[in-house]
Amino acid sequence: MRAHDLHMVAAIDEQNRMVMITGGIDVNDITIVMRTELPSAGTWTIMKAETNLTDKTWYGWQVTLGSDITVPMAGNKPQLLTSRNFEHARYVPETNTVGFYGGEIRPGEPILKFYTIETRVPRIVMGHNRIIDEADAELMAEGQLLGVGLPKLEIAVPTKKIAIPDVYRISKVG
């Protein structure tokens, strides 16, 4: 039996400026507004994985960034914006959204996303919408903001600090 709740946790590696978030999602018809406190403002790499606990396939994922968050650009492209599950990723500055599309996450499968953000405050606030209609995934790919009018559920993600150990070179003996 699965839980009818949103379960998410985060770990922050302050030295490497990484935020790792994992969880499970069993709802599609709400915007999940995730709030995570950070040790400081600035540039952070987000690694986020959720498992699809719904009975619908996800054809895309849209993240609406809070007003104090942007995606840093290298020329006209985001510094880091990718997903293991989707062929395409796009940042739309006009709506301050990140979209992943061109693939699917079936029930029971995980989604893994990587992106870099720049925060003006020591907090991440992002709205997440799962795209369960392939036509909506195409609209998102064109830059349209989805999830407008959906109820919102705000969650404060429990977070702990970690330190990823340095990797030491193993030398040959003898």
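This is a guided tour of the structure, moving from its core to a cavity, then to charged pairs and a few single residues. The model is a predicted one, and residues are counted from 1 along the chain.

**The core**

Begin by selecting Val19, Met34, Leu65, Val98, Tyr115, Ile124 and Met126, which are the residues with the most contacts inside the largest nonpolar core, a group of 31 residues. To see where this core comes from, colour the strands that each supply at least two of its residues: S1 (7-13), S2 (18-25), S3 (31-37), S4 (42-52), S5 (58-65), S11 (97-105), S12 (110-119) and S13 (123-131). The largest share, 4 residues, is given by S5.

Now keep valine 98 selected and show what surrounds it. If its neighbours within four places in sequence are set aside, valine 98 is in contact with Trp61, Gln62, Val63, Leu65, Val71, Leu81, Arg90 and Tyr91. Next, select Tyr59, Ile131, Ala137 and Leu146, which are among the 7 residues of a second, separate core.

**The cavity**

How many cavities of 30 Å³ or more does a search of the whole structure find? The search finds 1, and the largest cavity has a volume of about 40 Å³. To display its lining, select Gln62, Arg90, Val92, Thr97, Val98, Gly99, Tyr101, Met140, Ala141 and Gly143. Valine 98, already visited as one of the core residues with the most contacts, appears again in this lining. Strand S10 (88-92), strand S11 and helix H1 (134-141) are the elements that give two or more residues to the lining, and S11 gives the most, with 4 residues. When you colour the lining by class, you should find 5 nonpolar, 4 polar and 1 charged residues.

**Charged pairs**

Move on to the salt bridges, of which the structure holds 7. Select arginine 35 and glutamate 154, whose closest N and O atoms are 2.7 Å apart in the salt bridge that they form. Arginine 35 lies in strand S3 and glutamate 154 in strand S14 (residues 152-156), so this pair ties together parts that are 119 residues apart in sequence. Arginine 35 counts as partly exposed, at 27% relative accessibility, and glutamate 154 is also partly exposed, with a relative accessible area of 47%.

Strand S3 takes part in another such link, for which you should select arginine 123 and glutamate 37. Their side chains meet in a salt bridge at 3.3 Å, taken from N to O. Because arginine 123 lies in strand S13 and glutamate 37 in strand S3, the pair ties together parts that are 86 residues apart in sequence. In a surface view, arginine 123 counts as partly exposed at 29% relative accessibility, and glutamate 37 is partly exposed with a relative accessible area of 43%.

Then select arginine 106 and glutamate 109, whose side chains meet in a salt bridge with an N to O distance of 2.8 Å. Arginine 106 is partly exposed at 44% relative accessibility, and glutamate 109 is partly exposed with a relative accessible area of 22%. For the last stop among the charged residues, show Lys48, Glu50 and Lys113 together, since salt bridges that share partners join them into one network.

**Single residues**

Return to strand S3 and select threonine 36. Is threonine 36 buried or exposed? Its relative accessible area is 0%, so threonine 36 is buried. Apart from neighbours within four places in sequence, threonine 36 is in contact with Ala10, Ile21, Arg123, Ile124, Val157 and Thr159. Arg123 in this list is the arginine that pairs with glutamate 37.

The final two stops concern the backbone angle phi. Most residues other than glycine have a negative phi. Select arginine 17, in the loop between S1 and S2, where phi is near 60 degrees, a positive value in a residue other than glycine. Arginine 17 is partly exposed, with a relative accessible area of 23%. Finally, select asparagine 96, in the loop between S10 and S11, where phi is positive too, near 55 degrees. Asparagine 96 counts as buried at 14% relative accessibility, because buried means under 20%.

Terms used. This is a predicted model: local features need pLDDT of at least 70, side-chain atom pairs count only at pLDDT 80 or more; totals for chains, interfaces and linings use all residues. Side-chain values use heavy atoms; hydrogens and water are left out. A nonpolar core is a set of buried Ala, Val, Leu, Ile, Met, Phe, Trp, Tyr and Cys residues joined through side-chain atoms within 4.5 Å. Buried means under 20% relative accessible area, exposed over 50%, partly exposed in between (1.4 Å probe, protein chains only). Contact means heavy atoms within 4.5 Å. On a 1 Å grid over the protein atoms alone, a cavity is a set of points where a 1.4 Å probe fits but cannot get out, and a pocket is an open set with protein on both sides within 12 Å along at least five of seven lines; lining residues have an atom within 4 Å of a point. Grid points are joined across faces, edges and corners, and a volume is the space filled by probe spheres set on the points. Ala, Val, Leu, Ile, Met, Phe, Trp, Tyr, Cys and Pro count as nonpolar, Asp, Glu, Lys and Arg as charged, and the others, Gly among them, as polar. A salt bridge is a side-chain nitrogen of Lys or Arg within 4 Å of a carboxyl oxygen of Asp or Glu.
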